[in-house]
Amino acid sequence: MIRSFSLFFFLYLFWLLLSGYFTPFLLASGIGCALAVTWFAHRMNVVDAEGHPIQLGARALVYWVWLFKEIIKSAWEVSKIIVHPKLPISPTLVRFKPSQRTEVGLVLHANSITLTPGTITIDASANEFFVHGLTRAGALAAVNSEMDRRVSACEGKA
């Protein structure tokens with residue numbers, strides 16, 4: 001029940017942020033839409049720890065701030081490579097074993113790698129990630145990385 005209430009709250013908050021208008025009709029429409037989506041999600045059995053991971057709580061916010069900083073740093077590095085006259089790339093593939101054990105942790109880690117410019121997760125399983133990097137250093141940075149440790153901490157395993 002707590003997850004359903006949390007889902008409703010965040011859906012309604014999202015509605016308000018996107019709308020930007022606070023007329024009675026739009027406020028009531030937002031409540032109706034958030035209730036309908038919450039009810040549908042509950043009926044489809046997707047309001048669970050995987051579909052709505054509120055158990056991550058504040059740890060997720062701390063992680064997202066760190067990830068945003070890493071995305072900016074990586075975007076800057078990729079931009080420098082792109083404008084460099086010799087285009088110093090060295091495409092590299094790496095395989096490594098992630099330390100996460102929950103599906104939410106594995107998905108968060110794989111998607112974080114892909115969100116970071118210059119790297120992409122090609123295949124992800126509980127036993128192995130297959131990552132492509134624009135440069136050898138970028139690809140090797142995904143192996144036993146700070147990101148792996150931070151995702152594990154976010155899921156509560158570190």
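**A closer look at a predicted model**

**View 1. Asparagine 144, out in the open.** Asparagine 144 counts as exposed because its relative accessible area is 59%, and the cut-off for that label is over 50%. Keep in mind that everything here comes from a predicted model. To find asparagine 144, head for the loop between α5 and α6. The backbone is worth a look too: phi of asparagine 144 is near 45°, a positive value in a residue that isn't glycine. Why does that catch the eye? Because most residues other than glycine have a negative phi.

**View 2. Serine 145, tucked away in a loop.** Serine 145 also belongs to the loop that runs between α5 (136-140) and α6 (146-154). Is serine 145 buried or exposed? With a relative accessibility of just 8%, serine 145 is buried, since that label applies under 20%. Its side chain has a partner as well: it reaches the backbone nitrogen of aspartate 148, at 3.1 Å. Helix α6 covers residues 146-154, so the numbering puts aspartate 148 in that helix.

**View 3. Asparagine 45, in a loop further back along the chain.** Here we're in the loop between α2 and α3 (57-83), where asparagine 45 sits. Its phi is near 60°, which is again positive in a residue other than glycine. What share of its area is accessible? The relative value is 63%, so asparagine 45 is exposed.

**View 4. Threonine 38 and its contacts.** Threonine 38 is part of helix α2. Its relative accessible area is 9%, so this residue is buried. Which residues does threonine 38 touch, once its neighbours within four places in sequence are set aside? They are Ser4, Leu7, Phe8 and Leu11. There's a polar contact to look for too: the side chain of threonine 38 reaches the backbone oxygen of alanine 34 at 2.7 Å.

**View 5. Alanine 36, partly in view.** Helix α2, which takes in residues 24-43, is home to alanine 36 as well. Alanine 36 has a relative accessible area of 30%, so it goes down as partly exposed. Its helix-mate threonine 38, by contrast, is buried at 9%. How far apart are alanine 36 and lysine 73, C-alpha to C-alpha? In space the two are 40 Å apart, with their positions 37 residues apart in sequence.

**View 6. Stepping back to the whole chain.** To place the close-ups, note that the protein chain has 6 helices and 3 strands. From start to end, they come in the order α-α-α-β-α-β-β-α-α. The radius of gyration is 19 Å, well over the 15 Å that the globule rule gives for 158 residues, so the chain is more spread out than a compact globule. Measure-tape style, the C-alpha trace spans about 60 × 35 × 25 Å along its principal axes. Buried residues make up 33% of the 158 in the chain. Among contacts with a separation of 6 or more, 67% join residues that are 24 or more positions apart.

**View 7. The outside and its charges.** The protein chain exposes about 10200 Å², and 70% of that comes from carbon and sulfur atoms. As for charge, there are 14 positive and 10 negative ones, and their mean positions lie 5 Å apart.

Notes
Residues numbered from 1 in each chain as written. Predicted model: local features only at pLDDT ≥ 70, side-chain atom pairs only at ≥ 80, totals over all residues. Heavy atoms only, no water. Helix = DSSP H or I, 4+ residues; strand = E, 2+ residues; numbered from the N terminus. Rg over C-alpha atoms; globule rule 2.2 N^0.38 Å. Buried < 20%, exposed > 50% of the residue type's maximum accessible area, 1.4 Å probe, protein only. Contact = heavy atoms within 4.5 Å. Areas by Shrake-Rupley, 256 points an atom, 1.4 Å probe, with all protein chains shown as cover. Lys, Arg positive; Asp, Glu negative; His and termini not counted. Charge placed at Lys NZ, Arg CZ, Asp CG, Glu CD. Polar contact = N/O pair within 3.5 Å; in protein donor to acceptor, adjacent residues only side chain to side chain.
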